[in-house]
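Take a first look at the structure below. Then follow the text from one part to the next.

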Amino acid sequence: MLRAPEAEDLARLAAITGPAHLLMEGDERMGPYLREPRDQWQGQAAAVLRPDTTAQVSEILAHCNAAQIPVVAVSGGTGLVGGQILPDGPTPVILSLERMNRIRAVLPEDGALVAEAGCILADIKAEADRISRLFPLSLASEGSCRIGGNLATNAGGVQVLRYGNTRDLVLDVEAVLADGSVIGAGIGPRVLRKDNAGLDLRHLLIGSEGILGVITAASLKLFPKPGETVTAMLTVADPAIAVRLLHRLGRPLGDAISGFELINGQGVGFVRRFYPDWRDPLQGSPPWRVLLEAVGPEGGGMTARMEPILAEILEEGLATDGVLAQNEAQRQAFWWMRETIPECNRKVGAILSSDISVPTSRIPEYLEEADRRVGAIEPDLIINSFGHIGDGNLHYNLYPALGRSKSEYHNVKSELGRVLHDLAAEMGGSIAAEHGIGRLKLADYGRLGDQAGLAAMRAIKQALDPNGILNPGAAIPG
C-alpha cells in the first residue's frame with residue numbers, strides 16, 4: 001500500500017540528489033510545483049526532488065518503489081488536464097526533471113538531436129535552427145514547456161498536419177521504470193530509423209503521462225528547414241466551407257500544407273478586447289477565418305504558386321477575402337494573433353475548455369450539434385471554438401454571458417463537459433486530442449473509452465508498475 005515518505009526516506013533521497021536539490025514540505029519554493037495553469041487543483045508533496053542524471057532518477061525510483069512511496073514526475077508543469085498534480089491520497093514526492101536540460105548530441109548527418117527531458121522546447125528548436133534544421137513541434141507554450149512533458153502527453157500543436165504528433169518526431173527514448181531499471185542504460189536513445197526487433201517500447205511510453213516510466217531523454221527527428229514559407233489569412237463563410245477549402249488546396253499543394261487553423265470571430269474579439277492596438281489584416285469582423293501555411297524548398301516558387309491558387313479560391317467562393325503575408329514580420333503577426341487567443345481565453349475566464357477531435361469531415365456537424373446541445377442547457381453562453389482543423393482537433397470553449405460570472409454556471413459545468421465528450425464519442429472521435437487524460441477526464445474516459453483497451457492498459461500498468469507508485473490516479477480510470 002502506498003505511503004507518504006518518512007524522515008529516513010527523505011534523508012536517503014537527499015543523499016541521492018544532494019541536499020540543495022531536495023525541497024522539503026513547507027519550503028515556499030515548492031509553490032509552483034503544486035499548481036497547475038488553470039488553478040483547478042492544488043497539489044501536495046512531501047518533497048520536490050531535482051536530479052540531474054538518469055542514474056539519480058534510477059536510484060530515486062528504486063528507493064520509492066521498495067518503500068511504496070508515490071512519485072509524480074514533472075517537466076515544465078504546463079499540462080492542462082491535471083496529470084502533473086496529485087491533490088489527494090498518500091503524499092507523494094515530486095520528481096522534477098528541470099535540471100536534466102542538456103542537449104547530449106546534435107547529429108546533422110543522422111537528422112537527429114538527443115535531448116534530455118528537461119530541455120525547454122524553444123531551446124531545442126533553436127538548436128535545430130542553428131544547424132539549419134527544423135524540429136517542427138510548435139506550441140503556444142514552447143517558451144516554458146519541456147520536451148519530457150511533450151513526450152509524456154504526446155503533444156500536438158499547429159504543424160501536426162504535415163509532421164505529426166510528438167510520437168511521430170521521436171526515434172528512441174531513454175526511460176527509467178518503476179523499479180529503477182533503465183531502458184537504454186549505457187547507450188541512451190539511439191538514432192536508428194529502422195528497428196523491427198521486439199515490441200516498440202518507445203510508443204508505449206510516449207503519451208503514457210508518467211504512469212509507466214519516467215522518460216529521461218529522447219532522440220528527436222530533425223527535418224530540412226523550409227526554404228520558403230507562405231502564410232495566408234482567409235475569410236470563410238462557415239466551418240463546412242473551411243473543410244472544403246482544405247481539400248481544395250490539397251490538390252495543388254499536397255503535403256506542402258503545414259498549418260491549417262480554423263479561427264472563430266469570437267476569439268478574434270477577445271484579442272481585440274485585450275490588445276486594442278492590434279490591427280486585423282482582414283476587413284470587417286468575419287465570423288470565421290482560416291490561417292493557412294505552406295512550405296517548400298528554396299527556389300521552389302511557393303509564393304508564385306500560391307498567388308494564383310488564392311485568386312482561384314476567391315473566384316470559386318471558397319473564401320471571401322484573403323491576405324498573403326508579404327514578409328516574415330507579417331507572417332509572425334498572423335501567427336501572433338492565433339497564438340494569443342489561448343492567452344486571451346484565460347483572461348476572459350472559461351467555464352469549460354475542451355480538447356476533442358473528430359474526423360475532419362465531421363467538424364462542421366460537431367460544431368453545429370455542440371452549439372445546439374449547449375444552448376439547450378444554457379442558451380446565453382459565449383462560445384469560442386477554434387482549432388487545428390487539418391487534423392480534426394477542436395478546442396470548444398464556453399464563457400459566461402456578459403454581466404454573469406463563472407460561479408453562476410458551477411452547477412451545469414459537469415453536464416456541459418459530458419455533452420461535449422459524448423458528442424465526440426458519438427462521432428467516432430476522442431475526448432483527448434492533444435493534452436492527454438490526466439485527472440480531469442478520468443470519469444468520462446472510463447465511460448466512453450474502449451473497455452477492452454482500458455483493461456489492456458490496466459494490465460500493462462500492473463506489469464510495469466506493480467506497486468502503483470508512478471503518478472497514481474492519472475491517465476487510466478480505476
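What follows walks through a helix, a sheet, some aromatic pairs, two backbone angles and a pocket.

This is a predicted model, in which local features need pLDDT of at least 70 and side-chain atom pairs count only at pLDDT 80 or more, while totals for chains, interfaces and linings use all residues. Residues are numbered from 1 along each chain as its sequence is written, and side-chain values use heavy atoms, with hydrogens and water left out.

Begin with helix H1, which covers residues 7-17. Helices here are DSSP runs of H or I with at least four residues, strands are runs of E with at least two, and both are numbered from the N terminus. In H1, Asp9, Leu10, Leu13, Ala14, Ile16 and Thr17 are buried. Buried means under 20% relative accessible area, exposed means over 50%, and partly exposed is in between (1.4 Å probe, protein chains only). Seen down the axis of H1, the buried residues fall within an arc of 155°, so they line one face of the helix. That arc is taken from the directions from the helix axis to the C-beta atoms. The other side of H1 has Ala7, Glu8 and Ala15, which are exposed. A general rule helps here: an α-helix has 3.6 residues a turn, so residues three or four places apart point the same way.

Now turn to a sheet. It is open, has five strands and runs in the order S5-S6-S10-S8-S9, with antiparallel pairing. Two strands pair if DSSP finds at least two bridges between them. Which strands stand at the edges? They are S5 (103-107) and S9 (182-183). Each has a single partner strand, so one side of each is left without a neighbour in the sheet.

Strand S10 spans residues 214-221. Seven of its eight residues are buried, so to speak of S10 as mostly covered is fair. Strand S6 (residues 112-116) is joined to S10 by five bridges, and the two run antiparallel. Within that pairing, Val114 stands opposite Ser219, and Ala112 has Lys221 as its bridge partner. Strand S8 (residues 170-176) is joined to S10 by six bridges, again antiparallel. There, Ala175 is partnered with Ile215 of S10.

Next come the aromatic pairs. The structure holds four of them. Rings of Phe, Tyr and Trp (its six-membered ring) pair if their centres lie within 6.5 Å; planes under 30 degrees apart count as stacked, over 60 as edge-to-face and the rest as tilted. One of the pairs is Phe270 with Tyr399. Their ring centres are 5.0 Å apart and their planes lie at 75°, so this pair is edge-to-face. Phe270 is in helix H8 (residues 265-274) and Tyr399 in strand S19 (residues 393-399), so the pair links distant parts of the chain, 129 residues apart. Phe270 and Tyr399 are both buried.

Tyr366 and Tyr396 form another pair. Here the centres are 6.4 Å apart and the planes at 85°, so the pair is edge-to-face. Tyr366 lies in helix H11 (residues 363-377) and Tyr396 in S19, so the pair ties together parts that are 30 residues apart in sequence. Tyr366 is buried, with a relative accessible area of 0%. Tyr396 is buried too, at 0%. Measure out from Tyr396 to Glu315: they are 81 residues apart in sequence and 31 Å apart in space, C-alpha to C-alpha.

Two backbone angles deserve a look. Glu209 is not a glycine, but its phi is positive, near 60°. Glu209 sits in the loop between helix H6 (201-205) and S10, and is buried, with a relative accessible area of 10%. Asn471 is not a glycine either, and its phi is about 45°. Asn471 belongs to the segment after helix H14 (451-464). It is buried, with a relative accessible area of 2%.Last comes the second largest pocket, with about 760 Å³ of space. A pocket is an open set of points on a 1 Å grid over the protein atoms alone, where a 1.4 Å probe fits, with protein on both sides within 12 Å along at least five of seven lines; lining residues have an atom within 4 Å of a point. The volume is the space filled by probe spheres set on the points. The lining has 30 residues, and Thr229, Glu293, Glu328, Arg331 and Gln332 lie nearest the centre. Helix H10 gives the largest share, five residues.
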